[in-house]
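Reader: I've got this predicted model open and I'd like a close look at a single part of it. Could you pick one strand and walk me through what surrounds it?

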Amino acid sequence: MSRHFCTLLKTVCLAALTAAAMPLAHSAQPYPSKPVRIILPHSPGSSPDMVARLVAEKLGEQLGQPFVIENRTGAGGSIGLGAAAKAAPDGYTLTVGHVGTLTINPSVYAKLPYDPAKDFTPIMLSARTPLLVVVAADSPYKSIADVIAAAKAQPGKLMFSSAGNGTASHMAAEYFDEETGISMVHVPFKSASEALTGVASGAVTLTFGGQPAAWPLVKAGKLRALALTSGERVDEFPDTPVIAETVKGYEMFDWSGFMAPAGTPDDIIALLHKHIAAILAEPDMVRRLRQAGLLPMPNTPGQFGEFIASERAKWGRVAKEVNIHLD
């Protein structure tokens, strides 16, 4: 065999090996190599929607691919989260878990299209926020004490709206009824914005609304703020009382966080957590969130998972106490 032929054979073999390796190298593209969708089981303008959109925009800038919000509402968030649970665990479908979908729904629905404990991998708790109790601007009620007194004087007359059965706004009001010994009538709406509009129009007495959507209506003179649901007053709204000042021990936080379908690779979860944590720690982001009543919560995926478990236990107890079943 001539030296020239051996050299030619080596060249051909090397070319073949290179060609064979090309598909593997191509398939191992860095994440993300295409747009990422974020299934959001909440309506536009809600607290989870606000945070998700702010973070999604920044993620797109930093990672070079669009992170597209897909609002998929209905059934207290179960429709959207059910769709996310069935998505491929490849990092190209994310979702936003919420106090309602992850900890309240399992306590009030016998059947769900997802398993909150098994179908998702936590990435990061993004923010928590107390709800804001609001009444119409011309309402005769100017304090939480006024609401309690009226409800006791005329049982069943006062009505509260919510963003739907099993949502945080629903459970917050039921919890309030239980703690105060009153009984208000629940009127579920299709979204948080509609629940607020129902109060402003006088169709219902009050709602426990999300702050990002509620405060603009308060400032516009369409709603009156009565109290926040945090245990103590918030620095950004020092003149707004909290329910606990009238009803000792009452506390309710709305919260949300980013998640991925179970089985999503650990390196993708770690990458997303790194970027989301950095985004939520930016001074301008912290300022914008806090001005809207949202409190950033630095945490790890593991800590978020532990937080979800503790909240599920808490709201399971509350659901049992108020005897809510929505099936």
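Author: Here is a tour that starts with one strand, moves to a residue on a neighbouring strand, and ends with two helices.

Let's take strand β10, residues 253–261. Nine of its nine residues are buried, so β10 is largely enclosed by the rest of the structure. And which strands pair with it? One is β4, residues 120–130, which runs antiparallel to β10 and is joined to it by nine bridges. Another is β3, residues 93–98, also antiparallel to β10, with four bridges between them. If you want a spot to centre your view on, try Phe258: in β3, Val96 stands opposite this residue, and Met124 has Phe258 as its bridge partner in β10.

Now slide along β4 to Thr129. Buried or exposed? Thr129 counts as buried because its relative accessible area is 1%, and the cut-off for that label is under 20%. Its side chain still has a polar partner: it reaches the backbone oxygen of Gly293 at 2.7 Å. Setting aside residues up to four places away in sequence, Thr129 touches Met252, Phe253 and Asp254, along with Ser47, Gln211, Gly293 and Leu294. Phe253 belongs to that list and is also where β10 begins, so you're back at the strand we started from.

Ser47 is on the list too, and residue 47 is where helix α2 (residues 47–63) starts. Follow that helix to Lys58. With a relative accessible area of 26%, Lys58 is partly exposed. Its side chain makes a polar contact of 3.3 Å with the side chain of Glu282. Apart from neighbours within four places in sequence, Lys58 is in contact with Ile279, Glu282 and Met285. To relate this to β10, take Pro261 at the strand's end: Lys58 and Pro261 are 22 Å apart, C-alpha to C-alpha, and 203 residues apart in sequence.

One last stop is helix α7, residues 192–200. Its buried residues are Ala195, Leu196, Gly198 and Val199. They cover an arc of only 155° around the axis, which puts them on the same side of α7. What do they pack against? The list is β5, β6, β8, α8 and β9. Helix α8 spans 211–219, so it starts at the position of Gln211, one of the residues that Thr129 touches. Finally, α7 is followed by Gly202, whose phi is positive, near 90°.

Terms used:
Residues numbered from 1 in each chain as written. Predicted model: local features only at pLDDT ≥ 70, side-chain atom pairs only at ≥ 80, totals over all residues. Heavy atoms only, no water. Helix = DSSP H or I, 4+ residues; strand = E, 2+ residues; numbered from the N terminus. Buried < 20%, exposed > 50% of the residue type's maximum accessible area, 1.4 Å probe, protein only. Polar contact = N/O pair within 3.5 Å; in protein donor to acceptor, adjacent residues only side chain to side chain. Contact = heavy atoms within 4.5 Å. Pairing = 2+ DSSP bridges. Arc of directions from axis to C-beta.
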